Amino acid sequence: MKDKFDVIIIGAGPAGLKCAEQFKNSNLSVLLIEKNKIIGPKICAGGLTNLSAKIDFPESRMRSFNQQIFYLKDKIYEINLIYPLRVIDRYDLGQYLVNKIKDSKNITILKETIAKEIKKDKIITNQGEFYYKYLVGADGSYSLVRRFLGLKSEISIGLHYKIPKITDKIKWYLYPKLLWSGYIWIFPHKDYTDIGVFFNPKYLSIKKAKEILNNFLSKNNFNYSKQNSEAAPLNSLYKGCIFKNIFLIGDAAGLVLKTTGEGISSALISGQEIGKKILNPNYKILNLNKVLKIKKRQEMFIKVVDMFSFIQKYFLQIFVNLMKIKRFQLYFGGQTCFKD
Ligand SMILES: Cc1cc2nc3c(=O)[nH]c(=O)nc-3n(C[C@H](O)[C@H](O)[C@H](O)COP(=O)(O)OP(=O)(O)OC[C@H]3O[C@@H](n4cnc5c(N)ncnc54)[C@H](O)[C@@H]3O)c2cc1C
């Protein structure tokens with residue numbers, strides 16, 4: 001096997017796969033490496049919002065909801081959505097994206113290949129060394145490429161269960177006293193319900209968060225005794241995507257939205273934009289800039305909620321009421337800026 005490539009992408013999550021797709025049938029040689037044996041599975045609830053409303057993933061393989069329900073302080077807020085919130089299984093999403101590139105002659109995909117060390121012109125993996133002209137770090141929230149660039153990360157945690165019970169409503173539970181600006185979600189999938197807690201480890205240990213989630217499940221008659229909980233970090237500290245010939249996308253770039261933990265859309269968008277930028281250095285990354293604008297806007301909100309703990313519940317009350325207004329939904333969640 002050859003060991004020199006124009007582009008090496010580390011990580012076959014939505015960011016890396018979408019980036020690789022941009023090089024399909026181009027004259028650049030591309031190596032995409034993934035440490036896992038199977039592409040797709042990831043600890044994730046699979047919710048897709050406004051930002052990727054135009055993903056061309058088959059509707060038949062998603063569930064789509066026009067309403068979401070917020071619970072705050074014994075009150076229930078039913079919110080009709082301007083863009084439906086969709087739920088997608090991560091195995092399905094990974095397989096769908098990899099199928100788009102698997103027959104492309106200029107793209108080599110190596111699974112069970114772990115990047116262990118980054119050098120300025122090559123990567124060292126368990127399958128040998130590979131040289132690059134351009135390196136793309138799509139290796140998630142514990143990115144090796146990010147660490148090579150000397151960038152810090154800011155981590156939130158998502159902890160969830162896949163409960164084998166079919167449910168029909170998207171629900172968010174806000175408990176400012178327990179979770180600060182975090183929340184518990186219920187996302188109904190086709191053959192299970194994803195239920196989890198999103199929180200900032202600055203305010204809560206994983207042990208405590210799990211205890212809160214388990215109490216919630218028992219109280220709401222979800223039997224989790226036979227399921228294993230799974231947790232993973234989410235990096236939301238954005239420091240840039242372009243570092244000369246090295247690029248960061250998705251969670252590796254800190255593109256997770258700190259308010260909700262949403263990261264699939266920004267992974268897809270940044271993957272697409274950076275792929276185009278490598279192909280054409282004059283390409284303007286306008287869609288990525290739109291995501292960054294939304295991210296900044298939402299992070300202002302989180303800052304206020306976490307800063308003034310004594311008024312958190314009132315602030316969240318105002319927020320859920322504002323969410324009833326369609327123009328606010330677009331302002332807060334952003335307009336769709338991703339198109340396959
Ligand atoms: C519990 C939980 C729930 C979530 N729910 C949602 C949600 O509902 N909606 C949403 O939008 N986002 C959600 N997220 C966030 C979402 O999962 C991520 O933002 C998204 O997966 C980022 O995509 P990515 O391609 O950047 O990284 P990843 O999906 O993490 O992909 C990175 C890939 O790189 C590979 N890799 C890592 N290191 C190496 C290495 N050294 N060598 C080779 N390969 C490597 C990994 O195996 C992985 O396949 C959730 C996260 C958690 C933890």
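Which residues is Ser141 in contact with, leaving aside its neighbours within four places in sequence? I started my notebook with that one, and I should say right away that I'm looking at a predicted model.

**Entry 1: Ser141**

I got a list of six names: Ser153, Ile155, Pro233, Leu234, Asn235 and Asp251. Next I checked where Ser141 sits, and found it in the loop between strand 9 (128–137) and helix 3 (144–148). Is Ser141 buried or exposed? Its relative accessibility is 8%, so Ser141 counts as buried, since the cut-off for buried is under 20%. Then I looked at its polar partners. The side chain of Ser141 makes a polar contact of 3.1 Å with the side chain of Asp251. A polar atom of the Ser141 side chain also lies 2.9 Å from the backbone nitrogen of Asn235. Both Asp251 and Asn235 are on the contact list I began with.

**Entry 2: Thr260**

I moved on to another loop residue. Thr260 is in the loop between strand 16 (246–248) and helix 6. Its relative accessible area is 26%, so I wrote it down as partly exposed; that label covers values between 20% and 50%. Which residues does Thr260 touch, not counting those up to four places away in sequence? I found Tyr183 and Phe198. I also looked up Phe199: it is 61 residues from Thr260 in sequence, yet the two are 9.3 Å apart in space, C-alpha to C-alpha. Closer to home in the chain, the Thr260 side chain reaches the backbone nitrogen of Glu262 at 3.2 Å.

**Entry 3: the sheet**

Time for some strands. I traced an open sheet of eight strands in the order 3-5-4-11-12-13-10-14, with mixed pairing. Why do strand 3 (47–48) and strand 14 (230–235) each have one side without a neighbour in the sheet? They stand at the edges and have a single partner strand each, so one side of each is left free of a neighbour. Inside the order, I zoomed in on one pair: strand 10 (residues 155–163) and strand 13 (residues 193–199) run antiparallel and are joined by seven bridges. As an example, I noted that Leu159 has Val197 in strand 13 as its bridge partner.

**Entry 4: two domains**

I stepped back to the whole protein. It is divided into domain 1 (4–42 + 93–153 + 240–310) and domain 2 (47–89 + 155–233). Their contact takes 21 residues from domain 1 and 20 residues from domain 2. Taken over C-alpha atoms, the domain centres are 25 Å apart. How much area is buried between domain 1 and domain 2? It's about 1800 Å², and carbon and sulfur atoms give 62% of that. On the domain 1 side, Leu93, Tyr96 and Asp306 supply 30% of the area buried against domain 2, more than any other three residues.

**Entry 5: the cores**

Last stop, the nonpolar cores. The largest one has 63 residues, and the members with the most contacts inside it are Ile8, Ile9, Ile10, Ile123 and Leu135. Helix 6 (residues 264–279) gives the largest share of this core, six residues. Domain 1 and domain 2 both give residues to the core, so it lies between them. There is a second, separate core of 27 residues, which includes Phe70, Leu72, Phe198 and Val256. I had already met Phe198 as a residue that Thr260 touches. Finally I picked Ile123 and, leaving aside neighbours within four places in sequence, found contacts that include Ile8, Ile10, Ile33, Phe130, Tyr132 and Leu135.

How values were computed: Residues numbered from 1 in each chain as written. Predicted model: local features only at pLDDT ≥ 70, side-chain atom pairs only at ≥ 80, totals over all residues. Heavy atoms only, no water. Core = buried A, V, L, I, M, F, W, Y, C linked by side-chain atoms within 4.5 Å. Buried < 20%, exposed > 50% of the residue type's maximum accessible area, 1.4 Å probe, protein only. Helix = DSSP H or I, 4+ residues; strand = E, 2+ residues; numbered from the N terminus. Domains from an automatic or database assignment. Contact = heavy atoms within 4.5 Å. Polar contact = N/O pair within 3.5 Å; in protein donor to acceptor, adjacent residues only side chain to side chain. Pairing = 2+ DSSP bridges. Buried area = accessible area lost by both parts, 1.4 Å probe.
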